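Please examine the model below together with its sequence. The paragraphs that follow go through it element by element, beginning with how far the coordinates can be trusted.

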Amino acid sequence: FERNGVLSRREQRARSRIWRERYLGTMITEARVQLHMARTLVVPAATKHQEHIANGLLAIHKLLPSLKLETQEKQLNTFNEIIKVLLKDIERMDVLLEEVLSDKTDIYEKFPLYH
C-alpha cells in the first residue's frame, strides 16, 4: 500500500490494529453470549429432559417392576454423560475467556498476520 501511495506504513498499522481489536472484541462477545446461552437455556433444558427421562423410568418401574428398562437406563446414562461434558466445556470456556481478558499482550502478538 505504501509503495502505491494508498496508505503509509503507520496508517496501515493503525487500520490493522483497529481490525484486530474489533475481531477480538467480536470473539469475546460471541464467547460471552455462548456461555450465557449454555448456562441459561441449554443446561436448564438438558437437566429438565434428564429429570423427565428419570421420572419416566421410575413410573414404569413402579407399574411394571419386572420389565427390563436397559435401553431407557442407557439413554439416561448417555444423557448424564452429555451433561457432564457440557458442564466441563462451559468451565473450560470460562477459563479461556478469562485468560484472553487478562492477557495484556500487544494485539499484534496475539494475532500475527501470515502472508
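In this predicted model, confidence is highest in helix 2 (residues 70–102), with a mean pLDDT of 94, and lowest in helix 3 (residues 107–110), where the mean is 74. Over the chain, the average pLDDT is 89, and 96% of the residues score at least 70. Where pLDDT is low, predicted coordinates should not be read in detail.

Helix 1 covers residues 9–63, a run of 55 residues. From the first C-alpha of helix 1 to the last, the distance is 78 Å, close to the 81 Å expected at 1.5 Å a residue. Helix 1 nevertheless contains a kink of about 40 degrees, and this kink is centred on Ala-38. Ala-38 also belongs to the buried residues of helix 1, which include Leu-24, Ile-28, Ala-31, Leu-35, Val-43 and Ala-46 as well. Further along helix 1, Ile-53 and Leu-57 are buried too. Helix 2 and helix 3 are among the elements that cover these buried positions.

Two polar residues, Ser-16 and Arg-20, also appear among the buried residues of helix 1. Ser-16, which is found in helix 1, has a relative accessible area of 15%; since buried means under 20%, Ser-16 counts as buried. The side chain of Ser-16 makes a polar contact with the side chain of Arg-20, at 2.9 Å.

Between helix 1 and helix 2 the chain passes through a loop, and Leu-67 lies in it. Is Leu-67 buried, exposed or partly exposed? Its relative accessibility is 42%, so Leu-67 counts as partly exposed. Leu-67 and Ile-18 are separated by 49 residues in sequence, and their C-alpha atoms are 65 Å apart in space.

Helix 2 follows the loop that holds Leu-67. The 33 residues of helix 2 should span 48 Å at 1.5 Å a residue, and because its end C-alpha atoms are 48 Å apart, the two values agree. The buried residues of helix 2 are Leu-76, Phe-79, Ile-83, Ile-90 and Leu-97, and they pack against helix 1.

Met-93 gives a closer view of how helix 2 meets other parts of the chain. This residue is placed in helix 2, and at 25% relative accessibility it counts as partly exposed. Which residues does Met-93 contact, leaving aside its neighbours within four places in sequence? They are Ala-31, Gln-34 and Leu-35. Of these contacts, Ala-31 and Leu-35 are listed among the buried residues of helix 1. Met-93 and Gln-34 lie 59 residues apart in sequence, yet 9.4 Å separates their C-alpha atoms in space.

Charged side chains add a further set of pairings. Side chains of opposite charge can pair when their charged atoms come close. The structure holds 5 salt bridges. One of them joins the side chains of Arg-39 and Asp-94, with an N to O distance of 2.1 Å. This pair links distant parts of the chain, as Arg-39 is in helix 1 and Asp-94 is in helix 2, 55 residues apart. Arg-39 counts as partly exposed at 40% relative accessibility, and Asp-94 is likewise partly exposed, with a relative accessible area of 30%.

Other salt bridges lie within helix 2. The side chains of Glu-81 and Lys-84 meet in one, at 3.2 Å from N to O. Why are Glu-81 and Lys-84 separated by about one helical turn? The reason is that they are 3 residues apart in helix 2. At 42% relative accessibility, Glu-81 counts as partly exposed.

Arg-92 forms a salt bridge with Asp-89, and the closest N and O atoms of this pair are 3.7 Å apart. Because Arg-92 and Asp-89 are also 3 residues apart in helix 2, about one helical turn separates them. Arg-92 is exposed, with a relative accessible area of 56%, whereas Asp-89 is partly exposed at 35%. Elsewhere, salt bridges that share partners join Arg-17, Glu-21 and Asp-106 into one network.

How values were computed: Residues are numbered from 1 along each chain as its sequence is written. This is a predicted model: local features need pLDDT of at least 70, side-chain atom pairs count only at pLDDT 80 or more; totals for chains, interfaces and linings use all residues. Side-chain values use heavy atoms; hydrogens and water are left out. pLDDT is the predictor's confidence in each residue, from 0 to 100. Helices (H or I, at least four residues) and strands (E, at least two) are DSSP runs, numbered from the N terminus. The expected span of a helix is 1.5 Å times one less than its number of residues. The bend at a residue is the angle between axes fitted to the seven residues ending there and the seven starting there. Buried means under 20% relative accessible area, exposed over 50%, partly exposed in between (1.4 Å probe, protein chains only). Contact means heavy atoms within 4.5 Å. A polar contact is a pair of N or O atoms within 3.5 Å; within protein, one must be able to donate a hydrogen and the other to accept it, and residues adjacent in sequence count only if both atoms are side-chain atoms. A salt bridge is a side-chain nitrogen of Lys or Arg within 4 Å of a carboxyl oxygen of Asp or Glu.
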